[in-house]
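Biologist: Please take a close look at one part of this model and describe it for me. Then follow the chain onward and explain what surrounds each piece.

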Amino acid sequence: MQKFFGEDVLYHGMPKYHASEESNLFLSLGHHVDVYFPPRKRSRVSAPFVFSEQIFKKQQTTIDALPDECLFEIFRRLSGSQEKSSCAFVSKRWLMLLSTIRRDEVKETVSSISNKKHADLEINNGFLTRCLKGKKATDIRLAAISVGSSGHGGLGDLSILGNNASKVTNVGLKAIAHGCTSLRSLTLWNLSSISDEGVVEIANECHNLEKLQLSQCPNISHKSLIAIAINCPNLTSLSIESCSSITNEGLQAIGQKCPNLKSISLKNCSQIGDQGVVSLVSSSSSSLMKVRLHALNVSDTCLAVIGHYGLSLTELTLVDLHNVTEKGFWVMGSGQGLQNLRSIVIVNCTGVTDLGVEALGRGCPNLKLVSIRKSGLSDNGLVAFAKASQSLETVLLEECHIITQLGIFGFVVNSGALKNLSLTKCFGIKDSPMIIHSTLSPCNSLKSLTIRNCPEFGNFSLALLGRICPQLQDIVLTGLSGITDSGVASLIQNSESGLTKVDLSGCVNLTDKIVSEISMAHGGTLEVLNLDGCGLITDASVVTVTQNCSLLRELDVSKSAITDFAIAALACAEHLNLQVLSVSGCQVSNKSLPFLKKLGESLIGLNMMQCRGVTSAAVGALEGQIWKCDILV
């Protein structure tokens, strides 16, 4: 200690005060240190002092006898991260005390000044990322991170994902605030034991914070957001979910003080409504590009403001907004403020009707992606939307039960730039014969078609899509029990570009015949083939694939009727370079192991789950032989 204090040292066993009145000389050091020892010369006495044996035995002879204020004065003079880390290993007391020292409380010594240039180089090399989950999320760990990260470039990204076993309090957050002023990103999830006190301290010390995510933190209120707004002007991303104490007042402060905010996500916050969202979007300094509103008490007013002031918006997501009506969507689309919008996702909003969707098509000329789920959209609205939005490239429709076969085909033929179409659980699409005029122009832009779990979608619909979509490359038809070989054949026969991906999983009525047709017609381009759950597929399909599909990278024949013979055929195909193979639930046995070993020269993924004919011992041996391959059993 004499190195730091010179002659002004304390010795073990020395009383804190020479006289009771000397206690008045102790001054406050702020809320982190209770008392302060002013410099005093050591007493020089001429009379001899004799230690009694009894007094000597009572004296403490370890450094633990020093009070916190003395240790604080020592620790704040430590010159580098190595010295601090070494002290932190001594005890929890020292660790927690070190974590309370702010940057502005560190006293520079000659050695610390000489090391400052080197420390700057460490920080410039990058920032650390830390994630604490469950029972590992404790104040002690946070204090250790605070003390130890400064010597490795500083902490840049911290995530604390709590549960019932987590023991994180405001003490831990304060430790991070004091020792990790370089913090850029903070995620707090499911932490009921923290409050505004901890987050406010983060805001006061970590002025470079750019990203903040708060989820299921019921004791954090608008006070935290106000502190963030005042102290963190570089904030670019804010996400709040299920924080019942956060109100509109906090969002108003963010809108006024954070001109660099680019992304906002608000979910299930009962006290956030129109006023908070409007203040964010309509701020004169607003540069928001991404907005996500989920299960909020907002009305048509909120959407109207977005439609008028969302000049920088490129992505908009609206989920479970039950108080928004048809008028709100119509006004938003008609506001002419969404000229730069590229993507919009609408889920379970009862106000989505033909009128509103058509207005969005007219008011968003650069729209590329639209995803609509659980809406009252009909054929007329879908076709009108296609005609109004000619820049649209990707459309995903899920659980839109009013849309029929006629609406789908009307949409496709009227889309000018459509590349990807996905239909999921649209029960209103029923298979029926349709006559297409010979002069109808095909949709040459459509490259990818996905139809999942639409039970009434059948062969007639596939044949019509094949006629009007000749440039398909990726086809995903899953869970369609109504289609057969003839329907799929009519779809693939008209493909002029060559198919690269075919997913027929769950189509239980398909046989080896269609696999043979696919491999012969598109074997030169096919890279991915998925026949999972096609119980009528046998070894013959795999043999055909090995003979014709030289570019195949992924093959899934799970829950099919293939046997060991199919595995042998794959292994013997010299031109194949298969990377992923799935035979889950198939009747393969240990006889396939030598052939799987040969396939392992190129495989990076192998799924053998529920293959009851393969023993665990055989799988263990195989894992040792093809260790580069990830095997699921």
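Modeller: Leaving aside residues up to four places away in sequence, His222 touches Ser245, Ile246, Thr247, Glu249 and Gly250. This is a predicted model, and His222 is a good place to start. His222 lies in helix α10, which covers residues 222-231. Its relative accessibility is 18%, so His222 counts as buried, the cut-off being under 20%. One of the residues it touches, Glu249, also makes a polar contact with it, side chain to side chain, at 3.4 Å.

Further along is helix α12, residues 274-282, where Gly276, Val277, Val278, Ser279, Leu280 and Val281 are buried. The buried residues of α12 pack against two helices, α11 (248-257) and α13 (300-309), and against two strands, β6 (263-267) and β7 (290-294). Glu249, the polar partner of His222, falls within the range of α11.

Later in the chain come three strands to take in order. Strand β10 (residues 369-373) pairs with strand β11 (residues 394-398) in the parallel sense, over five bridges. Val370 stands opposite Val395 in β11. Helix α16, residues 379-388, belongs with β10 and β11 to a right-handed β-α-β unit.

β11 also runs parallel to strand β12 (residues 420-424), joined to it by five bridges. Here Leu397 has Leu423 in β12 as its bridge partner. Helix α17, residues 405-414, makes a right-handed β-α-β unit with β11 and β12. Strand β11 therefore takes part in both units. In a regular strand, side chains alternate between the two faces of the sheet.

Notes:
Residues are numbered from 1 along each chain as its sequence is written. This is a predicted model: local features need pLDDT of at least 70, side-chain atom pairs count only at pLDDT 80 or more; totals for chains, interfaces and linings use all residues. Side-chain values use heavy atoms; hydrogens and water are left out. Helices (H or I, at least four residues) and strands (E, at least two) are DSSP runs, numbered from the N terminus. Buried means under 20% relative accessible area, exposed over 50%, partly exposed in between (1.4 Å probe, protein chains only). A polar contact is a pair of N or O atoms within 3.5 Å; within protein, one must be able to donate a hydrogen and the other to accept it, and residues adjacent in sequence count only if both atoms are side-chain atoms. Contact means heavy atoms within 4.5 Å. Two strands pair if DSSP finds at least two bridges between them. A crossover is right-handed if, with the strands pointing away from the viewer, the path from the first strand over the helix to the second runs clockwise.
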